[in-house]
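Reader: Please take one part of this protein and go through it closely. I would like to follow how its elements are put together before looking at anything else.

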Amino acid sequence: VANDVDRIEAGIRAGMAEADRPSIVILRSHIGYPSPKYTDTAFAHGNALGADEVAATKAILGLPPDDFWVPDDVLAYYRDAGTRGAAARAEWERRVGAYREREASLFAEYEACLAQRGLPGWEAKLPTWEPGESVATRRASGKVLSAIADVVPGLLAGGADLSENTGTLLDEGEVIGTHQFGGRQLHFGVREHGMGSIMNGMSVSGVLPAGGTFFVFSDYMRPAVRLAALSQYKTAFVWTHDSVGVGEDGPTHQPIEHLASLRAMPNLRVVRPADANETALAWRLHIDTDGPSAIVLARQNSPVLVGTAERGAVGLARGAYVLVDEAGDRPEIVLVGTGSEVSLCVNAAEVLAAEGRSVRVVSFPCWELFDAQPSDYQASVLPKGVPTLAVEAGASFGWDRYADDVVAIDHFGASAPGGTVLTEFGFTSDNVAARARALLDQGARP
């Protein structure tokens with residue numbers, strides 16, 4: 001039936017006529033059809049048939065043996081396509097122009113949707129947090145999306161059964177339901193790969209989709225994420241519960257290798273913000289640029305840090321920036337952190353500074369963006385010859401590109417309260433300071 005276009009069309013039209021339930025059209029096919037020699041063989045899957053078999057197959061199909069042949073009526077049809085569509089195009093442009101004149105505000109929203117951008121000045125709606133507040137970045141993300149929904153008209157948010165937990169639940173988001181498409185909130189159901197695929201489809205249709213789930217479940221989504229990166233779809237993958245800080249859910253839910261794995265994927269921005277202010281800036285980055293973003297967020301509360309709102313406003317888009325300046329002209333050591341571990345670096349730097357050490361702290365939310373910067377900027381953030389300690393609650397793989405040592409986790413986690421797990425595995429300010437002292441004694445790599 002796969003080669004019977006009349007039956008295929010009849011099946012599709014029967015499905016279109018069914019208003020009360022979904023339809024599925026099943027096609028049964030034969031690989032290599034109608035080759036006399038290779039129909040229903042594995043050979044036909046990945047090999048050229050060869051000149052003799054091509055000629056035999058064309059004879060069965062009633063085609064001439066020419067290497068390249070197009071029927072005259074098909075050629076004429078396609079050559080006439082522009083002429084046939086000219087009147088429709090002119091009428092469409094007339095309607096668009098009239099709509100622009102009649103509904104200027106709505107037309108601006110329409111254009112923003114098509115461009116997958118915010119309305120002019122939309123960034124003013126981004127919330128900020130004061131240093132000293134304690135906010136989980138997943139919660140901050142939800143506040144950001146709710147705050148900007150009215151000025152980013154294409155934004156649509158949802159989760160794989162976890163919209164509230166992953167910060168993708170809009171405060172006033174009407175839920176999209178059966179035959180009800182006016183809302184901005186979509187409950188994707190417990191199907192991470194399906195959610196990623198649906199978002200990719202939306203992203204080529206004037207929608208700016210954001211879908212969330214636990215970071216460990218990014219494994220289920222990987223084909224959709226890879227397709228977004230390959231095709232440069234503007235899809236926002238929101239992944240939360242980003243470390244062993246997940247806690248009692250245990251090793252099955254605690255991501256270890258996921259950051260390294262996704263950083264290895266070309267054309268994907270992996271952004272792990274340090275605090276609530278960097279989270280808002282991560283959303284600004286995604287909306288103001290093209291292509292997919294992975295926004296990786298923590299379950300546990302993190303302190304809002306001094307400088308992330310001001311310095312991060314420029315620095316986050318460059319991938320890494322100096323958050324805390326050293327004393328003197330040159331640091332003795334650089335502490336580099338991502339996500340919630342940046343606060344550990346800040347606290348450890350204060351301890352070391354009290355001991356008379358000159359310590360710089362760098363927030364490093366996105367490797368891909370930093371790698372794209374000029375070498376002089378990279379050196380201004382991570383100066384050559386200065387011992388550098390990285391701190392990240394994930395696999396150490398790849399950090400040797402930037403650091404002389406790394407406080408990381410290269411084994412699976414454990415089931416215990418999140419704070420207990422982080423402490424047991426060395427993610428404390430005291431341990432960071434101790435590792436920094438050891439690195440100072442050892443010195444930087446040659």
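Author: Helix 5 and helix 6 are oblique to each other, and that pair is the part to look at closely. The model is a predicted one. The angle behind the label is a crossing of roughly 125°, and since angles over 145 degrees would count as roughly antiparallel and those from 65 to 115 as roughly perpendicular, the pair is therefore classed as oblique. Helix 5 covers residues 81-102 and helix 6 covers residues 104-115, and their axes come within 6 Å.

On the side of helix 5, the contact is formed by W92, V96, Y99, R100 and R102. Helix 6 contributes A104, L106, F107 and Y110. Sorted by character, the residues of this contact are seven nonpolar and two charged, with no polar ones.

The setting of this pair is a protein with 17 helices and 13 strands. Its C-alpha trace spans about 85 × 60 × 45 Å along the principal axes. Of its 446 residues, 47% count as buried. Among contacts between residues at least 6 apart in sequence, 71% join residues at least 24 apart.

Elsewhere in the chain there is an open sheet of five strands, ordered 9-11-10-12-13, with mixed pairing. Strand 9 (321-324) and strand 13 (405-407) are its edges; each has a single partner strand, so one side of each lacks a neighbour in the sheet. On average, neighbouring strands are turned by 30° against each other, direction ignored. Strand 12 (residues 388-391) and strand 13 run parallel and are joined by three bridges. V391 has V407 of strand 13 as its bridge partner. Helix 17 (residues 429-442) packs on this sheet, where it touches strand 10 (333-337), strand 12 and strand 13. The direction of helix 17 makes about 155° with that of strand 12.

The nonpolar cores complete the description. The largest has 49 residues, and L335, F364 and L382 touch the most other members. Helix 13 (residues 342-354) supplies the largest share of this core, seven residues. Beyond its neighbours within four places in sequence, F364 is in contact with G319, A320, V336, G337, T338, F370, L382, W399 and Y402. Another core, of 32 residues, lies apart from the largest one and includes A140, A276, L316 and C366. In soluble globular proteins, nonpolar side chains tend to be buried together.

Definitions and conventions:
Residues are numbered from 1 along each chain as its sequence is written. This is a predicted model: local features need pLDDT of at least 70, side-chain atom pairs count only at pLDDT 80 or more; totals for chains, interfaces and linings use all residues. Side-chain values use heavy atoms; hydrogens and water are left out. A nonpolar core is a set of buried Ala, Val, Leu, Ile, Met, Phe, Trp, Tyr and Cys residues joined through side-chain atoms within 4.5 Å. Buried means under 20% relative accessible area, exposed over 50%, partly exposed in between (1.4 Å probe, protein chains only). Helices (H or I, at least four residues) and strands (E, at least two) are DSSP runs, numbered from the N terminus. Contact means heavy atoms within 4.5 Å. Axes are lines fitted to C-alpha atoms, for helices over the stretch in contact, and angles run from 0 to 180 degrees between N-to-C directions. Angles under 35 degrees count as roughly parallel, over 145 as roughly antiparallel, 65 to 115 as roughly perpendicular and the rest as oblique. Ala, Val, Leu, Ile, Met, Phe, Trp, Tyr, Cys and Pro count as nonpolar, Asp, Glu, Lys and Arg as charged, and the others, Gly among them, as polar. Two strands pair if DSSP finds at least two bridges between them.
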